[in-house]
Structures are given as C-alpha cells and as structure tokens.
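Me: Hey, I've got a structure open and I'm new to this. Can you walk me through it?
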Amino acid sequence: MDLRKRMLGILLSTKPEHPNLVTAVGLCREALNRGIDVYLYLVDDGVYALDRPEIQDLSLRGAKLFACAYGAQRRGIPLSEKATFCGLVVLSDLVEGCERFVALN
Amino acid sequence: MPPAVLVLVTADPEVSHRANEAIRIALGLVAGEHPVTVLLMGPAGKCLADEIDELVDGDDILRHRESLARLGVTFHVDASFQPHGVWNSTALPTAPVSIEEIGELVASAQRHLVF
C-alpha cells in the first residue's frame with residue numbers, strides 16, 4: 001500500500017519519562033520512513049519532550065512539530081524555534097485534517 | 001463534516017491537573033466546531049463539584065465547564081458516580097450513562113482523547 005502523502009496526527013501529553021514517548025517516536029519514525037506526512041502536537045506535560053534529541057530529530061526528518069503555547073508558558077518553557085508554538089486551534093485542525101489521529105495520554 | 005470527538009476523562013480532579021487539561025482541550029475542540037462528547041468516568045465526575053477549592057486548577061475547571069455548557073455540550077457522567085458534597089447545583093446539562101452506553105459513545109466517535 002502506498003502511504004505517501006497520507007497524514008498522521010499524534011498528540012503527546014505525557015512527560016518524557018512516560019513510555020508514550022517511545023511509542024510516539026516509533027510511530028513517527030515509521031510513518032516518516034513510509035512517506036507519510038507526520039504532525040506531532042505536544043500538549044500538557046508533553047511539552048517537556050520538546051528538547052529531547054529524538055523529538056528534534058523527527059523535526060529534522062520532516063515531521064511538523066507543534067507545542068501548546070499555554071502548556072509551555074505554565075511550565076516555564078520559553079518559546080523557541082524548536083517547534084511551532086500554538087493553541088488548540090491547530091490541534092482542532094489536525095484532528096479534522098489527518099486521516100489517522102493517535103492521542104497518547 | 002468534522003470528525004466526532006470523544007473526550008473521556010478518568011483523572012481525579014482532586015489529585016491531578018489532567019482533568020482540567022482534558023476539559024480545556026474539549027473546549028478548544030468545540031470552538032473548532034467539532035462535535036464533541038465529554039464523558040466523565042470514575043472520579044472525573046468531581047469536575048462538576050460545587051466546591052472547586054478541592055480541585056486542582058479548580059478555577060479553570062469552573063470556567064471551562066461553564067463555557068462548554070454555554071456551547072451546548074452535555075456532560076456524560078458515569079452512572080455509578082456517587083458525588084460527595086454539593087454537586088452541579090448550577091444544573092449544567094448532564095446525562096448519566098451506563099457501561100453499555102459508554103461503549104456506544106466510544107464506538108460512535110471517530111477520534112478519542114482519553115485522559
């Protein structure tokens with residue numbers, strides 16, 4: 001099955017220590033390997049994963065990386081170029097626009 | 001038609017901020033014109049408690065639940081939930097749901113966010 005240009009959205013809301021990070025990274029890597037457009041949205045404690053090298057590596061490989069600005073602000077994480085900081089409108093767009101959406105909470 | 005979203009909350013708002021976060025996200029999705037079903041299971045039913053001082057981020061929970069109600073969202077509450085103290089005295093729209101009905105809600109949604 002040709003999955004190129006299909007769209008996968010992933011929401012990650014848990015801290016980096018949670019096994020969800022491994023799952024999220026694994027899904028993203030495999031999806032990118034198969035040419036899928038990957039959108040990763042970090043929310044709540046998931047914003048702590050922003051600096052993780054495996055997350056930044058996904059971005060370098062073409063995943064679109066978003067981080068909840070509200071969640072980052074509440075946790076003292078400064079805005080930066082490491083992700084597109086945004087609100088829930090973007091999440092809403094991903095929920096609607098992606099053919100598959102996986103929430104890791 | 002945007003996909004229907006189920007926001008299923010199991011977190012206890014007396015001990016975890018994640019109940020509020022779930023409701024906040026539900027509100028954001030409703031604002032994005034998604035059909036959203038909010039389901040409060042187990043201790044998450046406390047999100048509708050009157051005594052918000054007992055809740056983590058209680059002020060935010062209060063604002064978010066009132067906003068959701070104004071936008072037409074009904075809070076589906078696990079029928080087995082037993083509130084302690086005054087609960088939902090402002091009569092936000094609620095619907096008790098059985099396990100079978102919870103299964104139907106899960107099956108009918110295209111997107112699922114479980115907190």
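Me: How many salt bridges does the rule find across the interface of chain B and chain A?
Reply: The rule finds three there, a salt bridge being a side-chain nitrogen of Lys or Arg within 4 Å of a carboxyl oxygen of Asp or Glu. One pair forming a salt bridge is B:Arg18 with A:Asp44, with the closest N and O atoms 2.9 Å apart.
Me: Anything I should know about the model and the labels?
Reply: It's a predicted model, where local features need pLDDT of at least 70 and side-chain atom pairs count only at pLDDT 80 or more, while totals for chains, interfaces and linings use all residues. Residues are numbered from 1 along each chain as its sequence is written, chains are lettered from A and ligands numbered from 1 in the order in which they are written, and side-chain values use heavy atoms, with hydrogens and water left out.
Me: OK, how many residues of chain B are in contact with chain A?
Reply: 20 residues of chain B are in contact with 20 of chain A, contact meaning heavy atoms within 4.5 Å.
Me: And how much area do they bury?
Reply: About 1500 Å² between them, 54% of it on carbon and sulfur atoms. That's accessible area (1.4 Å probe) lost on being put together, summed over both parts.
Me: Which residues in chain B lose the most?
Reply: B:Arg18, B:Arg24 and B:Arg111, together 34% of what that side buries.

Definitions and conventions:
Buried area = accessible area lost by both parts, 1.4 Å probe.
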